[in-house]
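Q: How should one read the contacts between a protein and a DNA strand, and then the packing of two helices? Please take the case shown here.

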Number of protein chains: 2
Amino acid sequence: MEEKEISQAVVGRLPRYFRYLGELKDEGIERVSSQELSDIMQVTASQIRQDLNNFGGFGQQGYGYNVGFLYDEIGKILGLHREHNLIIVGAGHLGQALVNYMNFERRGFIFRGIFDKDSQVCGRKIRGITVQPMKEMESFVRENDIDIAVLTIPKTSAVEVAEQLAGCGIKGIWNFAHVDLRVPDRIQVENVHLSDSLMKLSYNLSSREFAE
Amino acid sequence: MEEKEISQAVVGRLPRYFRYLGELKDEGIERVSSQELSDIMQVTASQIRQDLNNFGGFGQQGYGYNVGFLYDEIGKILGLHREHNLIIVGAGHLGQALVNYMNFERRGFIFRGIFDKDSQVCGRKIRGITVQPMKEMESFVRENDIDIAVLTIPKTSAVEVAEQLAGCGIKGIWNFAHVDLRVPDRIQVENVHLSDSLMKLSYNLSSREFAE
DNA sequence: TCCTCCCTGTCAATTCATTGACATAATTTT
DNA sequence: AAAATTATGTCAATGAATTGACAGGGAGGA
């Protein structure tokens, strides 16, 4: 299926295309040209065509792109046509917030388990899912066909937990801990470093002041 | 201060340098060469030197970089040497999680107010801060020297709220709503699109399967 | 059916980012 | 004090990403 390696720059733009196409679809719009999309999304039409062509010719000359079709195709490319089983490790505020955020489920990302090392928290239910102790994690991952682990734990324990997860066949880690994980190549890690993001904003605020 | 424009690629790496330098500092290490940093951080030494030189010559030939000094300098570049006043708009799970996440305060990002449109939620206290109704937001921003607004609200209301914030002199928006905000150029927007991030992970999971 | 216009897919050109190479300066060793 | 080593700052070379240009394949109207 994948012939040439797709750059992460392109991959990073796919969800945004997907979002805008979804909106157009909801508005009942059937066709769209790269130029129209360009106007809406504030990227060049050339980039849109270039990006989409990495995955095949979805458009038609003289017509443009069929919104519904393109939406579905990008969804498939992103792997949204099938379900993913997730667990959350770390039942703190952030972990709970993610479990309660329904939009993930709508896209096929289903939370199957929650784990926490604090025995006080274990047994509590979050959105119908019982928090389990850490020692149950590895067997749970193996027995329930878990694809993705979401790490919402302090960085001190994240490295160790990532190793455990690597050992029991997890495929991907969505990492909110403020540390870079070293895992085998077969495991994909997607980092969400919130404080990095906030610092970037802070930088851009200060640099802006002097630019004037 | 800023002579040439620094690319966002560089800015995006600064927090990571900052983090690793902080760790070295905590370990009591005083000096580090670009080559040593390169080994630890898994980026090329050349890139490290190139990046740092955008902001000045922090190192010394034959010696390397002084960890503490470089840490402080990058902190200043990132604007962490002064406090930022923040408000949260949207007291849902995610908003609460962010308020409760102490690490931001440690870096000088102080939450001054929380706002929500749900009158049921207003009046409740989150970490000592009373949730206020939306109509108080604009005057609060003006009167309390608020720099940054954190949007943890659904996308439907985010656009409107962003406009209100633009009107009352906010400088930056940390946007967790799943929508692209259109605000005047003077306002910096940093997006955290969690579902985009998860979709990227999903893509990389599927593409990996076929690559083997 | 034919003609005109539209818009993609793709190639080429340009811009931007990363890596490599090295002259030079400070440190450390002898 | 001199020699050897270390490691920066910077320039040049390479590589990657974005933009521009256009041939040619439909679509839509007459």
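Q: Which atom of DNA strand D is 2.8 Å from an N or O atom in the side chain of Asn53(B)?
A: Look at which part of the nucleotide the side chain meets. In this predicted model, the partner of the Asn53(B) side chain is a phosphate oxygen of DNA strand D, at 2.8 Å. The side chain of Arg49(A) instead has an N or O atom 3.2 Å from a base nitrogen of the strand. For Gln47(A), a side-chain N or O atom lies 3.4 Å from a sugar or linking oxygen.

Q: How many residues surround DNA strand D, and of what classes are they?
A: Count the residues, then sort them. DNA strand D is surrounded by 26 residues, the closest being Arg13(A), Gln50(A), Gln61(A), Ser34(B) and Gln61(B). Of the strand atoms within 4 Å of the protein, 59% belong to sugar and phosphate. By class, the residues of this surface are 18 polar, 5 charged and 3 nonpolar.

Q: Which element supplies the largest share of the surface near DNA strand D?
A: Assign the residues to helices and strands. H3(A) gives the largest share, 4 residues. At least two residues each come from helix H3 of chain A and from helix H3, strand S2 and strand S3 of chain B.

Q: At what angle do the axes of H1(A) and H2(A) cross?
A: Read the angle together with the approach of the axes. They cross at roughly 100° and come within 11 Å, so H1(A) is roughly perpendicular to H2(A). This contact has 6 nonpolar residues, no polar ones and 1 charged. Arg16(A), Tyr17(A), Tyr20(A) and Leu24(A) of H1(A) meet Leu37(A), Ile40(A) and Met41(A) of H2(A).

How values were computed
Residues numbered from 1 in each chain as written. Chains lettered and ligands numbered in written order. Predicted model: local features only at pLDDT ≥ 70, side-chain atom pairs only at ≥ 80, totals over all residues. Heavy atoms only, no water. Axes fitted to C-alpha atoms, helices over the stretch in contact; angles between N-to-C directions. Parallel < 35°, antiparallel > 145°, perpendicular 65-115°, else oblique. Contact = heavy atoms within 4.5 Å. Nonpolar A, V, L, I, M, F, W, Y, C, P; charged D, E, K, R; others polar. Near = heavy atom within 4 Å. Polar contact = N/O pair within 3.5 Å; in protein donor to acceptor, adjacent residues only side chain to side chain.
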